[in-house]
Amino acid sequence: MDIYSKNKLLIRLVTGLSAINLLVLSFLAWNILVQKRGISFTDKKESSNVEVHAILKEALALSDEQEVAVKNLREDFYSKERKLSSLIRDKRDSMNLIMFNQNTNDTLLYRLAHEVAANEEQMEWLRIDQAKSFKAICTPDQQVKFEGLVKEIKDYFRPDNKKRKRND
């Protein structure tokens with residue numbers, strides 16, 4: 001190998017290693033910024049599910065049987081919701097690919113949009129069924145208490161709730 005080939009190889013190696021170092025440093029800096037802001041990569045629904053469960057147990061004074069039934073109801077709901085959300089996301093991804101393709105197929109786009117809407121509707125029916133099942137688990141007195149809790153829980157888990165962010 002002549003000297004010019006060796007130099008080219010060394011320059012490429014140094015450039016490649018420098019690029020890898022920059023990527024690693026960028027990732028580490030980004031990770032530190034995310035941790036400082038308190039953003040977590042854990043499943044947000046999972047952590048909020050635990051919090052809601054604790055709130056419901058305390059505020060409604062759920063019996064042990066009710067607590068188990070509510071927990072099972074919520075787990076079943078989130079399992080079905082995850083499947084539907086995945087379907088919706090997949091259909092929307094397909095739509096995006098088709099929409100921005102050079103040869104857009106409008107018929108296929110409309111069909112996919114209809115499927116997304118049908119899955120969204122099914123998601124709403126799941127929520128309605130969950131509410132009916134929850135009401136069936138609770139006593140009439142607990143149902144009255146829950147009516148007042150609904151708005152509080154919704155406000156508590158709002159993304160822009162600064163009180164919650166300070167307390168965590």
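**Helices 3, 4 and 5: a short walk through the contacts**

Let me begin with one contact: Arg127 and Glu81 form a salt bridge, in which the closest N and O atoms are 3.6 Å apart. Arg127 belongs to helix 4, which covers residues 106–137, while Glu81 belongs to helix 3, so this pair ties together parts of the chain that are 46 residues apart in sequence. Please keep in mind throughout that what we are looking at is a predicted model.

The two partners differ in how much of them is accessible. Arg127 is partly exposed, with a relative accessible area of 33%, whereas Glu81 is buried, at a relative accessible area of 5%, which falls under the 20% that marks a buried residue. The contact also has a third participant, since Glu81, Glu124 and Arg127 are linked in a network of salt bridges.

As background, side chains of opposite charge can pair when their charged atoms come close. How many salt bridges does a search of the whole structure find? The search finds 7, and I would like to show you two others besides the one I opened with.

One of them is between Asp76 and Lys80, whose side chains meet with an N to O distance of 3.3 Å. These two residues are 4 residues apart in helix 3, and therefore about one helical turn separates them. Asp76 is partly exposed, with a relative accessible area of 38%, and Lys80 is partly exposed as well, with a value of 37%.

The other is in helix 4, where the side chains of Glu115 and Arg111 meet in a salt bridge at 3.6 Å, N to O. Here too the residues are 4 apart, about one turn of the helix. Glu115 is partly exposed, with a relative accessible area of 23%, and Arg111 is partly exposed, with 47%.

Let me now turn to helix 3 as a whole, which runs over residues 64–99 and so holds 36 residues. Why do we say that its length agrees with expectation? At 1.5 Å a residue the helix should span 52 Å, and its end C-alpha atoms are 51 Å apart, so the two values agree. Among the buried residues of helix 3 are Gln66, Glu67, Val70, Leu73 and Arg74, and further along the helix the list includes Leu84, Ile88, Met95 and Ile98.

Staying with buried positions, Asn119 is found in helix 4 and counts as buried, with 11% relative accessibility. Which residues does Asn119 touch, if we leave aside those up to four places away in sequence? Its contacts are Leu84, Leu87 and Ile88, and of these, Leu84 and Ile88 are on the list of buried residues of helix 3.

The next topic is the aromatic rings. A pair of aromatic rings is described by the distance of the centres and the angle of the planes. The structure holds 3 aromatic pairs. In one of them, the rings of Phe77 and Tyr78 have centres 5.2 Å apart and planes at 70 degrees, so this pair is edge-to-face. Phe77 is buried, with a relative accessible area of 6%, and Tyr78 also counts as buried, at 15%.

In another pair, the rings of Phe134 and Phe146 have their centres 4.6 Å apart and their planes at 50 degrees, so the arrangement is tilted. This pair links distant parts of the chain, with Phe134 in helix 4 and Phe146 in helix 5, 12 residues apart. Phe134 is buried, with a relative accessible area of 8%, while Phe146 counts as partly exposed, at 23%.

That brings us to helix 5, which covers residues 140–156. Its 17 residues should span 24 Å at 1.5 Å a residue, and the end C-alpha atoms are 24 Å apart, which agrees. Where does helix 5 bend? The bend is at Leu149, and it amounts to about 35 degrees. Leu149 is also one of the buried residues of this helix, together with Gln142 and Ile153.

Finally, Val144 lies in helix 5 as well, but in contrast to those residues it is exposed, with a relative accessible area of 55%. Val144 and Leu60 are 84 residues apart in sequence, and their C-alpha atoms are 9.5 Å apart in space.

Methods
Residues are numbered from 1 along each chain as its sequence is written. This is a predicted model: local features need pLDDT of at least 70, side-chain atom pairs count only at pLDDT 80 or more; totals for chains, interfaces and linings use all residues. Side-chain values use heavy atoms; hydrogens and water are left out. The expected span of a helix is 1.5 Å times one less than its number of residues. Buried means under 20% relative accessible area, exposed over 50%, partly exposed in between (1.4 Å probe, protein chains only). A salt bridge is a side-chain nitrogen of Lys or Arg within 4 Å of a carboxyl oxygen of Asp or Glu. The bend at a residue is the angle between axes fitted to the seven residues ending there and the seven starting there. Contact means heavy atoms within 4.5 Å. Rings of Phe, Tyr and Trp (its six-membered ring) pair if their centres lie within 6.5 Å; planes under 30 degrees apart count as stacked, over 60 as edge-to-face and the rest as tilted.
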